[in-house]
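I opened the notebook for a quick look at this one. My notes follow in the order I made them.

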Amino acid sequence: MNTSIIARQALLTLVLWGSIYSLSIAQIQPLPNPAATNSFTPKLHLSPKGKVYLSWQTKNVNQKHSLWVSSLKGEKWTAPRQAATETQQWFVNWADFPAVTTFGKRSLAVNYLQKSASSTYAYDVMLRISHNKGKTWQKPFVAHQDGTHTEHGFVSLAPAPNGRFLAVWLDGRETAKRAGESHGHSQGHGASKKAMTLRAAFFDGKGNKQAPTLLNDWVCDCCQTSVAPTKQGYVVVYRGRSKGEVRDIACQTYKNGRWTSPYIIHSDGWVISGCPVNGPSVSANGNQVTVAWYTKANKKAKVQVAFSDNGGESFSLPTQVNEGSTVGRVACAALPNGDALVVWLETNETKTFIKLRRVSTQGKAGKVYIVSQTSSARSSGFPQIIVQGKRAILAWTLANKKSKVLKTATYAF
């Protein structure tokens, strides 16, 4: 079908939803999508120069997967470039998906997940680099050299100075040292007493690893990580884990060449024996930092957002974003004045929606917008958002029983 027809149909659908639910959506406009059917797991990146990149995966008729990258030029995505294709078996998961980052002058880096052994959660973080904006790619390499057939994933990427990029990931190498315990995966991943760790490293343009660091030796098994560059360095957020199974959101910063110790952004007190597969999102503008996350402490589901004006060294008390029932799956984007846009999934008795809301640094929450109707099924994945100038770019997976297709839109604020 012609992309202009698809765009008109998507806009008409959005208008109908807006009239039904009395929520203004005039500021949300669909973009022609760069991908066809069987496209999913989008991830957005804003380069230091203000250019927007999008990565996603596809599956062909032979059940083989590929990773693609495109950039936004005006109101259109450039022709997709294939960053990697499945030659050895990949680990493809609704919640643990690839990312893209720029670095240096013309370079890109992507990650994907590749099986390392036959057990379900034995897979490695693969990295691949291009020095000509994705036209050609170097040979892929493993981000870690522990050699264990354990879980490695939930990767976040960011540009770094001196022609490098930063990678942060969950690393299960320590779980191999506790034989005899099963890595239960209720709710996707689960109630393991093994030590999932959080690790980080910088990589140069040849793939050489620099300053590998163990950030935290006891974290939630399978919630997404998130990283954002700040004026001082970086801020990383993830779901922590205490010995008492409190799984609140933790933060660490990087400045002056060193990582700080972890601390909990806000003590929600969510005690849960299995991983909720529902990680936080961080975005920064200079030293103005926004973090959004999902919690179900005291059996009350919330999407919350908190702000920092000191590069992530401390945060304000959180503001609740959702109005109705929520399943989380959050993403946030910092605005130039320090405010934030937050997207999340919210449900009523029969439907699930991706919703968007602006929140001020003073905790004032604005109007709620419907971005799209979606599904609470895993196949719908996690919505994405970034801010470019005076607009936000959104991406999500529209899934049904027969197919999955990538969708993108803009929001003028």
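Before starting, I wrote down the cut-off: a residue counts as buried when its relative accessible area is under 20%. I also noted that this is a predicted model.

**Entry: Thr-41.** I looked up Thr-41 and found a relative accessibility of 8%, so Thr-41 counts as buried. Thr-41 sits in strand β2, which spans residues 39-46. Its phi caught my eye: it is positive, about 50 degrees, although Thr-41 is not a glycine. I reminded myself that most residues other than glycine have a negative phi.

**Entry: Asn-256.** I then turned to another positive phi, that of Asn-256, which is near 55 degrees. Is Asn-256 buried or exposed? Asn-256 is exposed, with a relative accessible area of 77%. I located Asn-256 in the loop between β17 (249-255) and β18 (258-259).

**Entry: Arg-128.** I placed Arg-128 in strand β9, residues 123-130. Arg-128 is buried and has no salt bridge. Which side chain of opposite charge is nearest to Arg-128? I found Glu-86, 13 Å away. I then checked for backbone partners: the side chain of Arg-128 reaches the backbone oxygen of Gln-138 at 2.6 Å, and a polar atom of that side chain lies 3.1 Å from the backbone oxygen of Ala-83. Beyond four places away in sequence, the residues that Arg-128 touches include Leu-108, Val-110, Trp-137 and Pro-140.

**Entry: whole chain.** Last, I stepped back to the protein chain, which has 1 helix and 30 strands. Of its 413 residues, 58% count as buried. The chain exposes about 17,200 Å², with carbon and sulfur atoms supplying 50% of that area.

Terms used:
Residues are numbered from 1 along each chain as its sequence is written. This is a predicted model: local features need pLDDT of at least 70, side-chain atom pairs count only at pLDDT 80 or more; totals for chains, interfaces and linings use all residues. Side-chain values use heavy atoms; hydrogens and water are left out. Helices (H or I, at least four residues) and strands (E, at least two) are DSSP runs, numbered from the N terminus. Buried means under 20% relative accessible area, exposed over 50%, partly exposed in between (1.4 Å probe, protein chains only). Lys and Arg count as positive and Asp and Glu as negative; His and the chain ends are not counted. A salt bridge is a side-chain nitrogen of Lys or Arg within 4 Å of a carboxyl oxygen of Asp or Glu. A polar contact is a pair of N or O atoms within 3.5 Å; within protein, one must be able to donate a hydrogen and the other to accept it, and residues adjacent in sequence count only if both atoms are side-chain atoms. Contact means heavy atoms within 4.5 Å. Accessible areas come from the Shrake-Rupley method with a 1.4 Å probe; for residues, only the protein chains shown count as cover.
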